[in-house]
Protein chains: 2
Amino acid sequence: MKTVAKIKKPLPRVAYEKNAEIYKILANSKRLEILNLLREQEMSVEELVKTLGITKANVSQHLALLRHARLVTVRRVGLNGFYKIVDPRIVEPCRILHKLRM
Amino acid sequence: MKTVAKIKKPLPRVAYEKNAEIYKILANSKRLEILNLLREQEMSVEELVKTLGITKANVSQHLALLRHARLVTVRRVGLNGFYKIVDPRIVEPCRILHKLRM
DNA sequence: GCGCAAATTTGCAACTTTTAATAATTATAC
DNA sequence: GTATAATTATTAAAAGTTGCAAATTTGCGC
């Protein structure tokens, strides 16, 4: 196999629109923190509230957004909701950007 | 060398804030398109206007934002401005997200 | 079943940010 | 000077954020 060129074709325009939608979700430090926390382990809303230091309602709203975007799922146990990340790879770009020291 | 664990430590909180700032810049389809175009080659403002199909003023505003974030640089030749990307790796997350079919 | 308490979500309102259009301005070439 | 390329300023509309209070859901004891 011959490696001819490293040119990467431009993505179709809709790809940028979709991509931008995801970035909009990621463009909030609290949501980023949630995703990075959930990357390691499932967490309850209660725990997230304590860890993030924002109101419960606010955490809930962020979680709803992430849920609707299918970035996290919730498992209900009694009164509590336990959230986990659907695909941990979603936070990879976060780390890449961090390594680019940006 | 032994691989003990794949646990990645949470980033410091400021990292998420910085990260979110970058995502805010990336969270716009036109800016994403600009960055992905510039990934391959330097382009003039004029060319960008034609390719993107939006007003020159609007292109200019997006470019100013990218410039201030030091994501692109400009080279002036006479009346024309030629833009290039500072670090092509900035668009990698874009492609990663795209491959995650998101 | 019913009522109560706890965990979570939702609705509302105030505020901030972002976007994109038009108009005005700057800078350079001729 | 005039024309052209690009930027900046000024808007108005749209979208996002957040806290409080109200509503919802669930579990538990009776």
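**Group meeting: two protein chains on two DNA strands**

So, straight in: H4(B) is the biggest contributor to the surface near DNA strand D, giving six residues. Before I go on, keep in mind that this is a predicted model.

Let's stay with strand D for a moment. How many residues surround DNA strand D? There are 23, and the closest are Ala57(A), Gly78(A), Ala57(B), Ser60(B) and Leu79(B). You'll notice both chains in that list. If you go by elements, at least two residues each come from H4 of chain A and from helix H3 (45-52), H4 and E3 of chain B. By class, it's nine nonpolar, ten polar and four charged residues.

Now the other strand. DNA strand C has 24 residues around it, with Val45(A), Ala57(A), Ser60(A), Leu79(A) and Ala57(B) the closest. The elements giving two or more residues here are helix H3 (45-52), helix H4 (56-68) and strand E3 (80-85) of chain A, plus helix H4 (56-68) of chain B. Which element gives the largest share of the surface near DNA strand C? That's H4(A), with six residues. The class split is ten nonpolar, ten polar and four charged.

While we're on H4, one residue to click on is Asn58(B), which lies in helix H4 of chain B. Is Asn58(B) buried or exposed? Exposed, because just 12 other C-beta atoms lie within 10 Å of it, and 12 or fewer is what counts as exposed. If you want a distance to check, Asn58(B) and Val86(B) are 28 residues apart along the chain, and their C-alpha atoms are separated by 21 Å.

Okay, sheets. Chain B has an open sheet of three strands in the order E1-E3-E2, with antiparallel pairing. The edges are strand E1 (43-44) and strand E2 (72-77) of chain B, each of which pairs on one side only. E2(B) pairs with strand E3 (residues 80-85) of chain B over six bridges, in the antiparallel sense. To get your bearings there, find Thr73(B), which sits opposite Lys84(B) in E3(B). As a reminder, strands of a sheet pair through backbone hydrogen bonds, either parallel or antiparallel.

Over in chain A, strand E1 (residues 43-44) pairs with E3(A) in the antiparallel sense over two bridges. Met43(A) stands opposite Tyr83(A) in that pairing with E3(A). Strand E2 (residues 72-77) of chain A also pairs antiparallel with E3(A), over six bridges. Here the bridge partner of Arg76(A) is Gly81(A) in E3(A). E2(A) and E3(A) form a hairpin with two residues between the strands, and Gly78(A) there takes a positive phi near 60°. That's the Gly78(A) we already met among the residues closest to DNA strand D.

Next, how do the two chains relate? A turn of 180° and a shift of 0.0 Å along the axis lays chain A on chain B with an RMSD of 0.1 Å. Therefore what we have is the relation of a two-fold axis. And the same surface serves both copies: 100% of the contact residues of chain A recur in chain B. Which residue of chain A comes closest to the rotation axis? That would be Pro93(A), with its C-alpha at 2.4 Å.

As for the interface itself, 33 residues of chain A are in contact with 33 residues of chain B. On the chain A side, helix H1 (13-26), helix H2 (29-40) and helix H5 (92-99) each supply at least two residues. H1(A) gives the most, with eleven. By class, the side of chain A that touches chain B has 19 nonpolar, five polar and nine charged residues.

A residue I'd zoom in on here is Ala27(A), in the loop between H1 and H2 of chain A. Why does Ala27(A) count as buried? Because 20 other C-beta atoms lie within 10 Å of Ala27(A), and 20 or more is the cut-off for buried. Across in chain B, Ala27(A) touches Ala20(B), Tyr23(B), Lys24(B) and Ala27(B).

Last item, helix H2 (residues 29-40) of chain B. H2(B) has twelve residues and reaches 17 Å from its first C-alpha to its last, close to the 16 Å expected at 1.5 Å a residue. Among the buried residues in H2(B) are Leu32(B), Ile34(B), Leu35(B) and Leu38(B), and also Arg31(B), Glu33(B) and Arg39(B).

That's the tour. Happy to pull any of it up on screen.

Definitions and conventions
Residues numbered from 1 in each chain as written. Chains lettered and ligands numbered in written order. Predicted model: local features only at pLDDT ≥ 70, side-chain atom pairs only at ≥ 80, totals over all residues. Near = placed C-beta within 6 Å. Helix = DSSP H or I, 4+ residues; strand = E, 2+ residues; numbered from the N terminus. Nonpolar A, V, L, I, M, F, W, Y, C, P; charged D, E, K, R; others polar. Pairing = 2+ DSSP bridges. Least-squares fit on C-alpha atoms with pLDDT ≥ 70 in both. Contact = placed C-beta atoms within 7 Å. Expected span 1.5 Å × (residues − 1). Lists of a residue's contacts leave out its neighbours within four places in sequence.
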